[in-house]
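Visitor: I'd like to walk through a few labels and see what stands behind each one. Can we start with the rules and then get to the values?

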Amino acid sequence: MLPSRSLTPFESRWLAEVVRRHEERHGPLDDRAQCLVARAAAADLETRILHRADAIGVREGWRDAILHWHGRARLVLAVAAVLALVFGFGAAAGVLGDGSRPVNVVWTLGGLLGVNLFSLLLWLVATALPVRGGMPLRGGALGGVWLRVVAVLDRSPVAAAVLQALVGLTARTRIAQWGLGCITHALWALALAGAVAGVLALLATRRYGFVWETTILPGELFVGLTTALGALPALAGFPVPDPATIVASGDAPMLDEAGRRAWAGWLIGALLAYGLLPRLLLALACGGLWLAALRRLRLDLARPGYARLRAVLMPDSERIGVSDPEPAIMPRPLRHAAHAGASGTAALVALELGSDVAWPPAQLPATLDAGRLDSREQRRAALSRFAADAPGRLLVAIDPRRTPDRGTLGLIAELAEHAADTRVWALGGDTARLALWREGLARLGFAPEALILDAAAAQCWLGGHDASATEEAR
């Protein structure tokens, strides 16, 4: 069992992708408790999604599956590193031989660098191609083999889901390409380091003669090729055979001490300059690009699985519960001479209406509508507007199907402080909770006739007529 640890930002998004793919295929999971925790723990949508996914991942076992996947990946990578060193050393022993025959410098260098250079060329071509969703794992043959071996070690459905989510998360960017490229170049660098170590060990313990051979090519070609290949290593101090030594090596194996040293230094320098050094630099570059891409990685919130969570994790309004006991006496709306100079205009606002209630109502003039007050920002804007220009008559429409709470009644009291006269319209008529509204408004100091039940009475009162008189006439 791996010890539990916190997930990295990349692993958290990986886990969120596992949850999304599962829910899009099998339907939403039971997440009521997880959503409450996520909404309390973070402010932005993506972070809330990550908190929810972490809680669900612990319950479903996906979080542990990702940690186990990383454990297997590190184990396979360690074994691959050892095998790369051994392979490189074995390749050096194979091309140099036991010293009983001269070493053909062309075949030796080609045998140690040929496959590496061909693989490097293929990687460069693949990197130059544009990113496509269908090719998320191109990053080098060795990196791809490593990933497949990790997948083979655990073929359970959970491990398969984890791998598919990893591919889906990285398919839109080059993250996988840089990560697998880093592994590919690092393994090649280890193999070439093993080859250099093998060449050094064999040259130090055996006596080799060096030769180049040809039937149809002129000797000047090998002189120019050897000199050109030795130019870059020479900058680092590696010896390069002079033209006379190169020509002499084409007639017979070079057995002279100085000539053998020159060829040995040229061979090692070429391996380092054209094999080990480029792979090492590319491994570092891919590693840096991989880390930079990880820091920029974000969830694609436009995907249906994430878009569905927006309404759940980022509701337009949230109930925060009761933080302290209800006072014995509710604050009452102030009705003093401060509003004697209020304008004669009328205004109509809606407070926490249900989504099935159309607004503004067709029976009332649209010019009187001051908007719905569902969010904190909307309520502040309305209070600021009425503080600057107090209406003569303010009608507050409420949904009588809802139970009045302290926050709703307190807002009605605040609105009433900014109007010369205020009435409350129970939009939808009489309900079982209407008695609770009457009681709450009475505690605020509203008279019984301040609660209006039908649209005709509301229209009459906004027009400047007494709604209670209209109802009595009926």
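Guide: Sure, burial comes up right away: buried means under 20% relative accessible area, exposed means over 50%, and partly exposed lies in between, using a 1.4 Å probe and protein chains only. Bear in mind that this is a predicted model, where local features need pLDDT of at least 70, side-chain atom pairs count only at pLDDT 80 or more, and totals for chains, interfaces and linings use all residues. Residues are numbered from 1 along each chain as its sequence is written, and side-chain values use heavy atoms, with hydrogens and water left out.

Visitor: Why is S12 called buried?

Guide: S12 has a relative accessible area of 18%; the cut-off is under 20%, so S12 is buried. S12 sits in helix α1, residues 9-26. Helices here are DSSP runs of H or I with at least four residues, strands are E runs of at least two, and both are numbered from the N terminus.

Visitor: What does S12 touch, not counting residues up to four places away in sequence?

Guide: L7 and L50. Contact means heavy atoms within 4.5 Å.

Visitor: And what makes T403 partly exposed?

Guide: Its relative accessibility is 42%, so T403 falls between the two limits and counts as partly exposed. T403 lies in the loop between β5 (393-398) and α14. Leaving aside neighbours within four places in sequence, T403 contacts R433 and L436. T403 and L436 are 33 residues apart in sequence, with 7.1 Å between their C-alpha atoms.

Visitor: On to helix pairs. Why is α5 called roughly antiparallel to α8?

Guide: Axes are lines fitted to C-alpha atoms, for helices over the stretch in contact, and angles between N-to-C directions run from 0 to 180 degrees. Under 35 degrees is roughly parallel, over 145 roughly antiparallel, 65 to 115 roughly perpendicular, and the rest oblique. The axes of α5 (residues 105-128) and α8 (residues 175-205) come within 12 Å and cross at roughly 165 degrees. That is over 145, so the pair is roughly antiparallel.

Visitor: How do you know which label suits α13 and α14?

Guide: Their axes come within 9 Å and cross at roughly 20 degrees, for α13 (residues 376-388) and α14 (residues 406-417). That is under 35, so α13 is roughly parallel to α14. R379, L383 and F386 of α13 meet L411, E414 and L415 of α14. These contact residues divide into four nonpolar, no polar and two charged.

Terms used:
Ala, Val, Leu, Ile, Met, Phe, Trp, Tyr, Cys and Pro count as nonpolar, Asp, Glu, Lys and Arg as charged, and the others, Gly among them, as polar.
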